[in-house]
Amino acid sequence: MATTTSALPILPVKSPEPSRPAGPSRTFGRRRVTLAVRHLVLIMLSVTTIIPVLLVVSTSLKTESDVKVNPFGLFTSFSWSSVRAAWFDGHFSDYLLNSFLLSVPSTVLILVISTMAGYTFARLPFPGRSVLFYLVVLGLLVPFFTYMIPLYFQLRSMGLLDTLPGVILVLTSTGISFGTFFMRAFFSDLPEELEQAARIDGCSEWRIFTRVMLPLVTSGIGALAVFTFLSTWNNFLVPLLYLPGGSFRPLTAGLYNFMGGRSIDIGPLAAGTLITIVPVIILFVVLQKQVTAGFISGAVKG
């Protein structure tokens, strides 16, 4: 007798679902968190930078009694007494003029020499070009402290000590190395076709430099001008060493001398600091676009 086996139902086998990638919402959330962290860091850095400047401005424009009673209060009173004391009694009007007499010629000389040297090292082939360029860049690696004393005696023997031309030459010599290195990077990335086309048209080397190449690196020149002016304007050690007589003392050395006799008068000290930083802030605000364009283009080229 045959045994009948009941047929078992065959269940369909489900294939495993493929793993789904992380959705766009998760990626968007991570980007928002990263962006929020970056903005928070930038806000904190901005606050730590702006608060001291606001405190200097507020202290400069407060009354003397308010400075002593509430030194950290922002704009709790208004008075021009501290500014007048710094401008007239502290001779900051003379210091301001001396700073311009030192910074402007030094900046112009550095721009002219660095631009021409950068073009020479970048575009003109001549024997020993690489060796000479590395010798110029070597000036960035030698600290000023290693030769400031011999330079003092050299300026004294040449009759340039305690003179504007002597200090201008020192400031210029300390900025040429960086300026040449900076401008060479801009000239090196210009297309050679422009130079070849200008030579075919019969342009001399000077016309190629002034009419073709120079207009293409104006952003770099602007950035170098601002950076050089800030460096020479804020230089403290060079005027202090090579202007011992104090006849052409700039703002940095004048503020140091003013602090020596005004250790308690916080208001005039803050006013002197304000006079020192206002021209720098105005220059940066006016040339902010040129500075940003110069450094961005240099970063892209690098």
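## Rings in the model: exercises

W206 counts as exposed, because its relative accessibility is 54%. Here, exposed means over 50% relative accessible area, buried under 20%, and partly exposed in between, with a 1.4 Å probe and protein chains only.

This is a predicted model, where local features need pLDDT of at least 70 and side-chain atom pairs pLDDT 80 or more, while totals for chains, interfaces and linings use all residues. Residues are numbered from 1 along each chain as its sequence is written, and side-chain values use heavy atoms, with hydrogens and water left out.

**Exercise 1.** Work out how the rings of W206 and F209 are arranged.

*Solution.*
- Start with the rule: rings of Phe, Tyr and Trp (its six-membered ring) pair if their centres lie within 6.5 Å; planes under 30 degrees apart are stacked, over 60 edge-to-face, and the rest tilted.
- Now check W206 and F209: their ring centres are 5.7 Å apart and their planes are at 45°, so this pair is tilted.
- Searching the whole structure turns up 21 aromatic pairs.

**Exercise 2.** Place W206 and F209 in their helix, then decide whether F209 is buried or exposed.

*Solution.*
- Both sit in α9, residues 205-213; helices are DSSP runs (H or I, at least four residues), numbered from the N terminus.
- They're 3 residues apart there, so about one helical turn separates them.
- F209 has a relative accessible area of 6%, so it's buried.

**Exercise 3.** Find the aromatic cluster that includes F133, and the residue over the face of F133.

*Solution.*
- F133 clusters with F121, F126, Y134 and F181.
- R184 lies over the F133 face, 4.2 Å from the ring centre. The test is NZ of Lys or CZ of Arg within 6 Å of the ring centre and within 35 degrees of the ring normal.

Notes:
Helices (H or I, at least four residues) and strands (E, at least two) are DSSP runs, numbered from the N terminus.
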